[in-house]
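These notebook entries record what I looked up in the structure shown below. I began with a pair of helices and then turned to a sheet.

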Amino acid sequence: MTRRTLRRPDWLRAGPAVVLALTVAVGTLVALGLRPPATSTAGDIAAGTPVPAPALSGVTLDGGRFDLAAARGHVVLVNVFASWCGPCRDELPLLVDAERRWAPRGLRLVGLNIRDGTEAVRALLDETGATALTVLRDPDGTRAIGWGVRGVPETFLVDRDGGIIDRQRGVVTRQWLEQRVAPLLAG
Amino acid sequence: MKWRGALTALALTALVVAAGAGLARSAGDSPGQDPVRAVAAGLRCPACQGESVADSRSPIAAAMRQVVADQLAQGRDRDEIRRWFVQRYGADVLTDAPARRTELLLWGVPLAALLGGGYAALRTLRPRAPRVAPVVTAAAAPNARTAGRAWRAMSVGLFALVASVAVATYHLDRPARQAAAPADPIAVAVQLARDLEAQHRYDAAARMYREALRERPDDAVQLRLAFVLLQAGDTAGATGAARQVLAHAPDSPDGLLVLGLAERTSRPAEAERVLRRFLTVAPEHQAAAEISRLVGGVNRVDATAPPDTRSPAQRSR
């Protein structure tokens, strides 16, 4: 009886090496596959490069009609707000005041009220002295998502050609209005 | 001897069954039933931290779910919807989805290791067949050698497994760390600016830093701003920002560094003086070596290629 007959078949002898090679290969694949994805710059508005504003039209809270496309030639502030959002309550007076002061120079303000009840919005407008505000309703919030809204409040600055040239996430400040909006206005 | 082998086989079987059950459970709860949920689970809620649109209770996430449902009803498929969201929110809106493939690999690697281990254990523990008894000494040597090789291979394989998991968790760890951003709005702005900086979006980062500085002046942030402006090619802005810091901290190494680099083209003599001062103030600084090379041959160096002025945190990225 020679030693050859006692040997295991070749494929069995290669087993551990194959297992090792497989483990290493799989481990490498896992390590490579989990590299963090490259972050893209898409979807973020860099100041100075206007992005065409999505359509925004419909019946307003007081029964009128509003169409952003018809507001070409005006600088439009689109303020996304809700009555359940505290900071929105704080910034509304400032925005309404800005529109009152700057309307003659071509500024328009429209509120996009998301996921809210009619009564609650009316109460909010009464409280903040913003009863004259043009309000479009967005009960399920889908229009706001079309604008890429990340939270409330958020305010978009649309130039006279209908392009979004800036957005303010969070509360609008007097400074932002002076620095970003005022330069676009006539006179 | 025999019951030991049986016990091992039993334990191995139990392990394999448990792993299989776990695999089945983890694969079971995804897609399938609710298409809205399936798409929403692949989207990150922009208003919250570390939650998918499917799981978040925020109104924005609810609105996004509604959009997903509407678009599915219009007959759009998952990829079209995801593209729609990426156009509006950027690629960050996707829960980077390390794809199910890699998750399956994470199960497959331990399984392969387990099977290999089982094979090696069988080789070692299997009682020798009686009919080879006459030549048992001749047979034992190669058998033991192979078993030893198998065990060694398994230990290396196990090491590879641990290493791959370590590498994987290192990569997975980072988004989690970023998600746990502090609630302080200015700290958030600074963090955001740092992220932008890491993406080489220096103009946007500079804007964020400026915003943070307006609310709360801070030398460290002012210096970051100066660095970023320098990277963005705004040497005048960088000079201004650095000077503001140097006005009340004349020996700030980073301030001197940025000022020197920023003035290298406009006022080379002054820049060299400032950089030499930087070297005396902070000879141990991480940029010191590059700067001393630079000052050694200030005319030779291409002024359009500033040396690496990133922070240590960024370098490690």
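**Entry 1: a helix pair in chain B.** I looked first at how α10(B) and α11(B) cross, and I recorded the crossing as left-handed. I note at the outset that the model is a predicted one. Helix α10 covers residues 235–248 of chain B and helix α11 covers residues 253–262 of chain B; their axes come within 8 Å and cross at roughly 150°. Angles over 145 degrees count as roughly antiparallel, and α10(B) and α11(B) are therefore roughly antiparallel to each other. I then listed the residues in contact. From α10(B) they are B:Thr235, B:Ala238, B:Thr239, B:Ala242, B:Arg243, B:Val245 and B:Leu246, and from α11(B) they are B:Gly255, B:Leu256, B:Val258, B:Leu259 and B:Ala262.

**Entry 2: a second helix pair in chain B.** I next examined helix α8 (residues 202–215) and helix α9 (residues 219–232) of chain B, which pack at an angle of about 160° with their axes 9 Å apart. By the cut-off already applied, α8(B) and α9(B) are therefore roughly antiparallel to each other. I found that α8(B) passes α9(B) in a left-handed crossing. Residues of α8(B) in this contact include B:Tyr202, B:Ala206, B:Tyr209 and B:Leu213, and those of α9(B) include B:Val221, B:Leu225, B:Val228 and B:Ala232.

**Entry 3: overview of chain A.** I counted six helices and eight strands in chain A. Along the sequence I read the pattern α-α-β-β-β-β-α-β-α-β-α-β-β-α. Of the 187 residues in chain A, 34% are buried. Among contacts in chain A with a separation of 6 or more, 72% are between residues 24 or more positions apart.

**Entry 4: the sheet of chain A.** In what order do the six strands of the open sheet lie? I traced the order as β1-β8-β7-β4-β5-β6 in chain A, with mixed pairing. The edge strands are β1 (51–52) and β6 of chain A, each of which pairs on one side only.

**Entry 5: strand β5 and its partners.** I asked whether strand β5 of chain A is mostly covered or mostly uncovered. Strand β5 (residues 107–114) proved mostly covered, with seven of its eight residues buried. Strand β4 (residues 75–81) of chain A pairs with β5(A) in the parallel sense over seven bridges. In this pairing I located A:Gly111 of β5(A) as the bridge partner of A:Asn79. I then followed β5(A) to strand β6 (residues 134–138) of chain A; the two run parallel and are joined by five bridges. Here A:Gly111 has A:Val135 in β6(A) as its bridge partner, and A:Leu112 stands opposite A:Leu136 in β6(A).

**Entry 6: the connections of β5(A).** I checked the handedness of the chain path. From β5(A) the chain crosses through helix α4 (residues 118–127) of chain A to β6(A), and this β-α-β crossover is right-handed. I also found a right-handed β-α-β unit made by β4(A), helix α3 (residues 86–102) of chain A and β5(A). Returning to the sheet, whose six strands I had placed in Entry 4, I saw that α3(A) packs on it and touches β4 and β5 of chain A. The direction of α3(A) makes about 155° with that of β5(A).

Key. Residues numbered from 1 in each chain as written. Chains lettered and ligands numbered in written order. Predicted model: local features only at pLDDT ≥ 70, side-chain atom pairs only at ≥ 80, totals over all residues. Buried ≥ 20, exposed ≤ 12 C-beta atoms within 10 Å, placed from the backbone. Pairing = 2+ DSSP bridges. Right-handed = clockwise from strand over helix to strand, strands pointing away. Axes fitted to C-alpha atoms, helices over the stretch in contact; angles between N-to-C directions. Parallel < 35°, antiparallel > 145°, perpendicular 65-115°, else oblique. Left-handed = near helix turned anticlockwise from the far one by under 90°. Contact = placed C-beta atoms within 7 Å.
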